Amino acid sequence: MRHDDVTLVLQGPTVSLSGRLGASFKNLENYHKQVSKIVVSTWNHYEIKPSNSMLKKFNITYVEDSIDGYSDYYNDANIAYQCISSLNGMDLVTTKYTIKARCDEKYTDLSKFIEVMKSSPNKLTTSNFLFVNDDWLQFHPSDHVMGGQTKNMKGMFEKAVSICQKYRNKERLNGRDIGISGYRNSMLENDRIPPETLLFLSFLKYKNIPIDCSKSVETMKNHCQLVELKDMGNFLCYLSCVPYSNYNKVMSETPSIASMEGL
C-alpha cells in the first residue's frame with residue numbers, strides 16, 4: 001500500500017562500507033511502493049552516486065551539499081552532518097509525514113512503521129535499534145530511522161543544527177551546556193549528551209515540552225515510540241561499521257530495548 005501523505009528522506013553517504021552504492025538504492029522499488037515521494041539528500045564529494053536513470057525511474061528528488069561549510073560545527077558521531085543532510089531533504093517535503101532513513105541502510109517493509117507513526121502523529125517514531133534503556137542513557141531513542149509529522153521532524157533537525165552551529169569546534173557537549181540540569185549518562189558517569197539524545201531533546205525543545213530529567217521515562221513514553229526491526233522486513237543497519245541484519249543478533253549484541261516498557 002502506498003501512503004500518499006508520507007515522504008521518505010534518505011540522507012548521508014551514498015557509498016557503503018564496501019565502496020558500492022548504499023543499500024537503500026537496492027531497495028528503492030520497495031520504498032516506491034510504500035511512500036508517495038522519495039528524496040535523497042547527500043554530499044557532493046562522493047564519486048559513487050545513483051544514476052539519473054535510477055532517480056527518474058522512481059521519481060526521486062536528489063539534492064547535494066558541500067560539507068566544507070560545516071567543518072567546524074559540533075559534530076560528535078557526525079551529528080551535524082546527519083542533521084544538515086536530513087534538513088536539506090526535508091526542505092523539499094510537502095507531505096504531512098516524513099520518514100528519515102540512511103542511504104547505507106535498508107528496510108524492506110515500512111508498513112508497520114507507518115501504521116505506528118500515524119497512530120500517534122505528535123510523537124517521534126523510531127526503530128528499536130540502539131533505543132537505549134533509561135538506566136544507561138536518558139532520552140536516548142534510535143536515530144537510524146525516524147518519522148513523524150513533517151513540521152515536527154523539521155523543527156527537531158533545525159533545533160539540533162542551531163546547537164551544532166552554536167558550539168563550533170567543541171568536542172563534547174554536556175547537559176549543562178544546553179541548559180539541561182541533572183542529565184545522567186550512566187555509561188560515562190557524567191552528563192555528556194549523545195547525538196541521539198541531542199536529537200530527542202531538540203524535538204522536545206521545538207515542541208516547547210518541559211525537560212525534567214527526573215521524569216525522563218515518563219517524557220519518553222509520552223513523546224516517543226518505537227517499532228521493532230523484526231517488523232520492518234529485511235533490514236540492514238550499522239553500528240560502528242558492523243552490519244546487523246539478524247534481529248536476534250541485534251538484541252543479543254546491542255543495547256536495544258524491544259518495547260517502551262523496556263525503558
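Helices and strands are DSSP runs, helices of at least four residues and strands of at least two, numbered from the N terminus. The exercises below concern a predicted model.

**Exercise 1. Overall form**

Task: State how many helices and strands the protein has, and determine why it counts as compact as a globular protein of its length.

Solution.
Step 1. The protein contains eight helices and 10 strands.
Step 2. Its radius of gyration is 17 Å, and the globule rule gives 18 Å for 263 residues; the two values are close, so the protein is as compact as a globular protein of that length.
Step 3. Along the principal axes, the C-alpha atoms fill a box of roughly 50 × 40 × 35 Å.

**Exercise 2. Interior, contacts and surface**

Task: Find what percentage of the residues is buried, what percentage of the contacts joins residues 24 or more positions apart, and how the surface and the charges are described.

Solution.
Step 1. Of the 263 residues in the protein, 55% are buried.
Step 2. Among contacts with a separation of 6 or more, 71% are between residues 24 or more positions apart.
Step 3. The accessible surface is about 11,500 Å², and carbon and sulfur atoms account for 45% of this area.
Step 4. The protein has 31 positive and 29 negative charges, and the mean positions of these two groups lie 4 Å apart.

**Exercise 3. The buried residues of helix α4**

Task: Identify the buried residues of helix α4 and decide how they are arranged about its axis.

Solution.
Step 1. Helix α4 spans residues 111-119, and its buried residues are F113, I114, V116 and M117.
Step 2. Viewed down the axis of α4, these buried residues fall within an arc of 165°, so they line one face of the helix.

**Exercise 4. A buried position in strand β6**

Task: Decide whether T126 is buried or exposed, and list its contacts beyond four places in sequence.

Solution.
Step 1. T126 belongs to strand β6, which covers residues 124-127.
Step 2. The relative accessible area of T126 is 0%. Buried means under 20%, so T126 is buried.
Step 3. With neighbours within four places in sequence left aside, T126 is in contact with F113, F131, P141, S142, V145, M146, C224, Q225, L226 and V227.
Step 4. One of these contacts, F113, is also listed among the buried residues of helix α4.

**Exercise 5. Positive phi outside glycine**

Task: Locate A77 and E189, and state the phi value and exposure of each residue.

Solution.
Step 1. A77 is not a glycine, yet its phi is positive, at about 55°. A77 occurs in the loop between β3 (60-65) and α3 (79-90).
Step 2. The relative accessible area of A77 is 63%. Exposed means over 50%, so A77 is exposed.
Step 3. E189, likewise a residue other than glycine, has a positive phi near 60°. E189 occurs in the loop between α5 (150-166) and α6 (195-206).
Step 4. E189 is exposed, at a relative accessible area of 73%.

**Exercise 6. Three further positions between α5 and α6**

Task: For I180, L188 and N169, which lie in the loop between α5 and α6, determine the exposure and the given C-alpha separations.

Solution.
Step 1. I180 is buried, with a relative accessible area of 5%. Beyond four places in sequence, I180 is in contact with G175, L201, K205, I211 and C213. I180 and N75 are 105 residues apart along the chain, and their C-alpha atoms are separated by 19 Å.
Step 2. L188 has a relative accessibility of 41% and counts as partly exposed. L188 and E158 are 30 residues apart along the chain, with 27 Å between their C-alpha atoms.
Step 3. N169 counts as exposed at 62% relative accessibility. Not counting residues up to four places away in sequence, N169 touches D72, Y73 and Y74. N169 and F157 are 12 residues apart along the chain, and 19 Å separates their C-alpha atoms.
Step 4. This loop thus holds the buried I180, the partly exposed L188 and the exposed N169.

Conventions: Residues numbered from 1 in each chain as written. Predicted model: local features only at pLDDT ≥ 70, side-chain atom pairs only at ≥ 80, totals over all residues. Heavy atoms only, no water. Rg over C-alpha atoms; globule rule 2.2 N^0.38 Å. Buried < 20%, exposed > 50% of the residue type's maximum accessible area, 1.4 Å probe, protein only. Contact = heavy atoms within 4.5 Å. Areas by Shrake-Rupley, 256 points an atom, 1.4 Å probe, with all protein chains shown as cover. Lys, Arg positive; Asp, Glu negative; His and termini not counted. Charge placed at Lys NZ, Arg CZ, Asp CG, Glu CD. Arc of directions from axis to C-beta.
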